[in-house]
Amino acid sequence: MRTIIAATGSYVPPIRVPNSDFLNHDFRDAKGEKLSKTNEEIVAQFETITGIKERRYAPKDLLASDIAYEAAADALSSSGIDKESLDGIIVAHNFGDVRGDSRHSDLVPALAARVKARLKIETPRTVAYDLVFGCPGWLQGVIAADAQIRLGEAKRVMIIGAETLSRVSDPHDRDSMIYADGAGATIFEGRDVDDSGILTSVARSDTLDHSAMLTMGSSYNDEVFIEALFLKMEGRKLYKYALQNVAASMKQCLDKANIPIERVNKILLHQANGKMDEAILEELYALYGTEPPEGVMPMTISFLGNSSVATLPTMLDLILKQKLGDHTIQRGDIVLFASVGAGMHINAFVYRVP
């Protein structure tokens, strides 16, 4: 029994936020002091480093569970799969439902339970639970579902990645320009095929020395936000960690599946930072003594930003529905998925399209 992708769906928020919207922001450093560079210089440097030109924000009246539902409904409607046939719903997120006016996280009941209720699924057999694993959460949900399916404990599982990072980003921190909102859903199911589906996966958690690279902290302007906590990132350390470890984990996954790098058709890498992703790709191919072919790694970060757990399932949905330029995934293709994020966590899986 192998785990295959049966359906995909996504919710791309309608609100476009170009970099020019940050030209009037009051950016400060960790000490609360205003940055010496002009906002024009800050924004230009940011775009050069990250490749982000705009990002998407969810409307104020929609929460993470709402957009998770929209992505789930899209996956079901576009595939015709019976919602009552789902054995599980896993929602990967990190902050729960965050209202724009309060910035408080609402985690009870689980977002997965809310999505199941919104879908009006009647059977109690559909087990709904949440997974918090940083940006690699959706991929870790895939690994969990694959284990259930291989054991025969489940036949069909939906994994959703949904986040509203715009509501936990400090407007006085220039890193806030990285974060975006979005949701993606994927339905995986077990099929009796020998050489297709998920071939293998790997995961690691480097918590001892690296768990503080992404944390929650006070605003850089505590005169405005007295008690609120925002997502804080040690960007340079994270960049260095990713370059040192992500490519090696991707190679480990390919080697475990006995797949040569030349056989890989697409690499879907978490969209965290354009330059960082390109450097990881170069490092991966360097480990094999070669260079990456053109078009092997699709990118969405320039126009969708970093939507955390939503980036991979959203990108997959856009490709499969021919909405991401010339990128396609064909029968027999080998696709390598990989992600890195808060924890620090890294994970990957190799997939052969049936």
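How much area does the protein chain expose, and what percentage of it do carbon and sulfur atoms supply? The protein chain exposes about 15200 Å², of which carbon and sulfur atoms supply 48%, the accessible areas coming from the Shrake-Rupley method with a 1.4 Å probe, where for residues only the protein chains shown count as cover. This is a predicted model, in which local features need pLDDT of at least 70 and side-chain atom pairs count only at pLDDT 80 or more, while totals for chains, interfaces and linings use all residues. Residues are numbered from 1 along each chain as its sequence is written, and side-chain values use heavy atoms, with hydrogens and water left out.

The protein chain holds 9 helices and 15 strands, these being DSSP runs numbered from the N terminus (helices are H or I with at least four residues, strands are E with at least two). Its radius of gyration is 20 Å, close to the 20 Å that the globule rule gives for 354 residues, so the chain is as compact as a globular protein of that length; the radius is taken over C-alpha atoms, and the rule is 2.2 Å times the number of residues to the power 0.38. Along its principal axes the C-alpha trace spans about 60 × 55 × 40 Å. Of the 354 residues, 57% count as buried, where buried means under 20% relative accessible area, exposed over 50% and partly exposed in between, with a 1.4 Å probe and protein chains only. Among contacts (heavy atoms within 4.5 Å) between residues at least 6 apart in sequence, 76% join residues at least 24 apart.

Gly184 gives a local view of such contacts. This residue lies in strand E9, residues 181-191, and counts as buried because its relative accessibility is 0%. Leaving aside neighbours within four places in sequence, Gly184 is in contact with Gly9, Ser10, Ala71, Ile159, Ile160, Gly161, Ala310, Pro313 and Thr314. Its C-alpha atom is separated by 8.4 Å from that of Val12, although the two residues are 172 residues apart along the chain.

Helix H3 covers residues 111-118, and in it Leu111, Ala112, Arg114, Val115 and Lys116 are buried. What covers these buried residues includes helix H2 (64-79) and several strands, among them E4 (88-92), E7 (127-131) and E8 (156-164). In the loop between E6 and H3 sits Pro109, and the peptide bond that joins Val108 to Pro109 is cis, with omega near 0°. After H3 comes Lys120, whose phi is positive, near 60°.

Helix H6, residues 235-256, has 22 residues and reaches 31 Å from its first C-alpha to its last, close to the 32 Å expected at 1.5 Å a residue, the expected span being 1.5 Å times one less than the number of residues. H6 nevertheless bends by about 35° at Ala242, the bend being the angle between axes fitted to the seven residues ending there and the seven starting there. Its buried residues include Leu238, Tyr241, Ala242, Asn245, Ser249, Cys253 and Leu254. In the loop between H6 and E13 lies Asn258, which has a positive phi near 60° in a residue other than glycine and counts as exposed because its relative accessibility is 68%. Strand E13 (residues 264-269) contains Val264, which is buried at 6% relative accessibility and, neighbours within four places aside, is in contact with Leu254, Ile259, Val296, Ile334 and Leu336.

Why is Cys135 not bonded to the closest cysteine sulfur? The sulfur of Cys135 is 19 Å from that closest one, in Cys253, which is too far for a bond. With a disulfide taken as a pair of cysteine sulfur atoms within 2.5 Å, the count comes to 0. Cys135 is buried at 15% relative accessible area, and Cys253 is buried at 0%.

Cys135 also appears around strand E14 (residues 334-341), where Ser339 has its place. Ser339 is buried, with a relative accessible area of 1%, and among its contacts beyond four places in sequence are Cys135, Pro136, Leu139, His270 and Leu312. In the loop between E14 and strand E15 (345-352) is Met344, and the peptide bond from Gly343 to Met344 is cis, with omega near -5°.
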